[in-house]
Structures are given as C-alpha cells and as structure tokens.
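Visitor: Could you pick one sheet and walk me through it slowly? I'd also like to know how the chain around it looks.

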Amino acid sequence: MKIKRTVLLISSALLFFNCSFAQDKPVKKTTSHTATPTTSVARGKIVYTSICLACHMADGAGVPTMNPPLIKTSYVLGDKATLIKIVLNGFKEDVEINGQKYSNNMTPHSDLKDQEIADVLTYVRKSFGNKASSITVADVKKIRAANVVTK
Amino acid sequence: MKKMMILLLPVYAIIGLIVFNACKNAGDPANSRTAPAGLTLPAGFNAVAIAEHLGSARHLVVTPENDIYVHLANAKGGKGIIVLHVDGDKATVKTSFASFGGTGIAIKNGYLYASNDREVYRFKLNDKNEVTNPDQPEKIVTGLVSRRMHEPKALCLDNDSNIYVNIGAYSNICSDYDKDKKGCPVLDSAAGIWQFKADKPNQTYGDGIRYASGLRNVVGLAWNQEDNQLFVMQHGRDALHDLFPNLYTTRQSADLPAECMFALKKGDNAGWPYVYYDWMQQKNMLGPEYGGDGKKTADPKFINPVAAYPGHFAPDGLLFYTGNQFPEKYKNGAFIAFHGSWNRAPEPQAGYCVVFQPFKNGMPDGKWEVFADGFAGGAAKTSPGGAEHRPCGLAQGPDGSLYVTDDQKGSIYKITYSK
C-alpha cells in the first residue's frame, strides 16, 4: 500500500482522528460495562465504539477527504510508538493515503488509560482486515512516560 | 433530564425512522419510478447520466447554447474546468481549461466566474458563451482564508454587479480558538458570506463587505430572482454527542442540529458557533459550548432559518427552478443537493439525495420532499466512502432540464420531465 507522507514531524500512525472537534478538554466517556470482556480485542472494540467510531466509522473506512481509514495503512500496521503517540497527542496535519488527502484534526486522547489505549490499538491492528501484533500496556506506559507534548 | 430523555426515546425513534427513510424513497413508491441512471424520481421524470468519470465534479453551469462548464475539486491533467456540449441524452467533452480546481462557478453578464480555495477568477465569454481567453483569467478576489477545513469558496452573483463568496469556518465549533469564551476569532475572516464587486480586480478582505456572519459553512447558495435576495444552505455543526455525551444521545447527535436554509439580508448573523437550530423543537438553541443544555434557547438577535432539514445531510447545491419544463408546482421552488452525511454514526448515514422545497412568493412554503434518490446505490452503500455517487452541484438547462453533478464518480445527470 503506497503511502506518501506530507508531513515529516509525525510520520506514521494515523489513528483516532477525532475529526475536527479538538477542544480544550477532551470529554471522558464511560466505557465501563458490567462484565468486562477478557480479551484485549473485545475490550478494545468497546473503546473504539465509544471514542473512535464516529469519525473512523464502524468498518474503519474513515471518511474521504476528512478522516483517514484504518484499513491496512502503514500508519496502523507500522511503528507502534508513533501510533501510540497519535492517540496521546492527537494529529493536526494533512496526510495522503492512496492518492486521497485527509485533513480533519484529531483531538488528543491522553485521558484514556494505558489499558484502554493498548486495547483499542490492539483491536484496530487486528480488525478491518488488519493482521498486526498486539500493543501492550507496557508499550503504552513506556511511550507515555517519554512523551513530550508539543502544543 | 434523564427521565425526560427516556420518556422521549420513542419519539426520537419514530423521528429517526422517518429521517432514515427520508432519502430512500422518493415519495409514494406507486407514484415514482426508477430511471435508467438508477435514480428514483417522481412519476413523469427521467434521469440519464450524460457524462461519467469526469473527476470530482462540483458545481456547474449550463449555457443557453447547451454547453456545460463543470468545476472539478481537483484539477485533472492540470485543468480544473471541463466544457461539455449536451445533445439530448448525450454530452461530449469539448475542452478543458483553468489551472485550478475548486467548487464555485457561475455565469453573469458575459463572464464565467470560478473560484479555488483562496481566490475568485473570471473569464470573458463571447456571444456564444464560450471562453475566449482560457489561459488569462482576471483575478477578482484574492487572499481568502483556507485552513484545511471548509475550504471551498462557493459563490453566486446578484443583479447589481456584486459577487457573494462563502468563506467557511476552519473549525467545527471554534473550541480551539475561543477557549476563554470571549468571542470566536474565526468570525473575523471566515464563517460568513463576503460581498465583493464582480468587476474589480484583486480585491481582498479590505475591499469586500462581510455581508452575513455566523454561518459555519455554506456550499449551496443562490440568488432568488423573485425577491432579489441571497439564500444559503448552512452545514450545521458536528459532534454534539461526542463533545457532550451527557447532554445528547447518539440518536439526537445524528439528527441535530438542522441543516438550515437562510434568507439573508446584509448584516445578518446566523449565530455560529454560539447557536444551533433544533428542527424538532423548531428553535434556535444556545450551543453547549456557550452554556446551552439542549433546552436553553438562543439570543433572538441571531436570525432563524426559513427552512430546516435533518442533521448532517450536507447541502452542497441550491437552485431556484425557473424553467417551464417541470410541472407548475416546481416553478420558483428550490432544489437542494444533499451530499450525504458522515457524522451520524453509529446511526445509519443519510442524505445522498436531491430534495425539492416548495416556495411561494419567494419564501419556503410547505414540507420539503425527496425529489431524486438512489445516488448511493442502496442502503448498504450509504456512507461517504461506500456511496457510488454523491450529489453536489445543480444547474438548469435552457429547456428547463435539471442537471446534477456527482463528485464521487464524476457523473452528470440530466433530469427531464414529460407527461
């Protein structure tokens, strides 16, 4: 899959564009259910449905010109650290995927717990036709600790 | 509040069903037909795809000589405007020109006007409405704001040598730019309609007038010749539920706010980002970012729409029908091309149709109805990525035929009527 980078700074991982609703205080939504699923993928699907689906759509196809797809892009399948950083810091640059440009801003989701980020990224990396490795709580913890938020 | 919402749930469910079905059937099935182009239309109407695969076909105009100028969002082979000639049910590409893609295009007083995301140009036309000097347009407006969101500069002209240009807000609801709620600075250079002189070169903000403010984004706009007034279709805000899950359900967030038709006068303020219109309560509401809760109404200084449509349908084309081909009820009424939603998930997406809004004495009169449907290609395909076609621009031919563009696959439909 051909991916052209339009921005060097944040080069991969294009997850969870919360469209252009970037606001000062991301709203924390409850994702608690009476019976928490035991697998990361199942828990991740709950987070995805609550936080990501409105923009990236149930099938991960995104919205042309606005919200990028999560299907077999190197942003999703590639480097874990950059993917995690996009969830933590949001994304405000134009990207081009397969000749289609996407420009909506994604709000930061640093309010999500390490477990929630690990679950939702694992879900995304194993759904929509994607077959990539899991992301662990330890992965998220490490990136969050080293993460420098640039505003 | 919670109890109230629970009590209202069945109401929302019913409204939801109505909305969901709104763009699936063009009125009474017994009184409608599916045309060869796959579109469903009222009885007596026919639709033919006269061109396909043109590119991202946005707005268009048709000349008295049956030539079409269609503007592509993205220039194809370095050309942003395609010229076709229509002969009955067929259109042949004559040529293409203009080094820029864009949405806005209009013909007035011997000129073809066209915009990109920052500028407006005009090309001189000869007496056959052909562009005489395609490589040397005159730059009329320059330096307009374009910041990665709502960039297209849709335009129209009045009868007094003025051009009206939409400058869309580069933000959903201004939260990023108005954190202290002191007033949204986006309004200084965007989120409104600016008026410029149609014949003066190189104008920018200082030369123009902010004709109307508080309009988040307008793509469909038209001058109503009956009452000599500008009408616009606003794309309403997104994400009421995502940003305020405690105030709005996903169902409410799909249906609200309304997509609004405004009849504008100079100096009007439609209220973005402070207010939104609730088509169920039929009221201008105070936005939740500014203290609203879904029940508090807005300051009456903001104008009300003259007609309202379900949330997120994305009105991209507006045309007042002045032809004689269609039945009498269509005369001077408005056609609206709804590009189709994306911000209704997890509810099904909707829109993707052309609506007719009856008018009387230059104002909306009566309920809107779906006129042409089936662009998406079925319920399963009704999504921004999955839709086969998405309606965008509207134009009227010299014989009163209605033309509709599709920017997904680059089709142009010609809709005709015969008894």
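Guide: Here is a tour that starts with the whole chain and then zooms in on one sheet.

A bit of bookkeeping before we start: residues are numbered from 1 along each chain as its sequence is written, while chains are lettered from A and ligands numbered from 1 in the order in which they are written. What you see is a predicted model, where local features need pLDDT of at least 70 and side-chain atom pairs count only at pLDDT 80 or more, though totals for chains, interfaces and linings use all residues.

The pLDDT is the predictor's confidence in each residue, from 0 to 100. Chain B averages 93, and 93% of its residues score at least 70. Residues 1–21 of chain B are another story: there the pLDDT is below 50, and the stretch has 13 contacts in the model beyond near neighbours in sequence. (Two residues are in contact if their C-beta atoms, placed from the backbone, lie within 7 Å.) The model as a whole scores ipTM 0.79 and pTM 0.89.

Chain B has three helices and 31 strands. Its radius of gyration is 21 Å, close to the 22 Å that the globule rule gives for 419 residues, so chain B is as compact as a globular protein of that length. That radius is taken over C-alpha atoms, and the rule is 2.2 Å times the number of residues to the power 0.38. Helices (H or I, at least four residues) and strands (E, at least two) are DSSP runs, numbered from the N terminus. As for packing, 54% of the 419 residues of chain B count as buried.

Now for our sheet. It is an open one of four strands in chain B, in the order β3-β31-β30-β29, with antiparallel pairing. Its edges are β3 (45–51) and β29 (391–396), each of which pairs on one side only. From one strand to the next, the twist averages 25 degrees, with axes being lines fitted to C-alpha atoms and angles running from 0 to 180 degrees between N-to-C directions. Two strands pair if DSSP finds at least two bridges between them.

What holds such strands side by side? Strands of a sheet pair through backbone hydrogen bonds, either parallel or antiparallel. In chain B, β30 (residues 402–406) and β31 (residues 411–417) run antiparallel and are joined by five bridges. You can find one spot on this pair by looking for B:Leu402, which stands opposite B:Ile415 in β31(B).

Let's follow β31 of chain B to B:Tyr417, which lies in this strand. Is B:Tyr417 buried or exposed? It is partly exposed, because 18 other C-beta atoms lie within 10 Å; buried needs 20 or more, exposed means 12 or fewer, and partly exposed is in between, with C-beta atoms placed from the backbone. Skipping its neighbours within four places in sequence, B:Tyr417 is in contact with B:Gly44, B:Phe45, B:Gln325, B:Phe326 and B:Pro327. For a sense of scale, B:Tyr417 and B:Ser161 are 256 residues apart in sequence and 34 Å apart in space, C-alpha to C-alpha.

Links across the sequence also show up in chain B overall: of the contacts between residues at least 6 apart, 55% join residues at least 24 apart.
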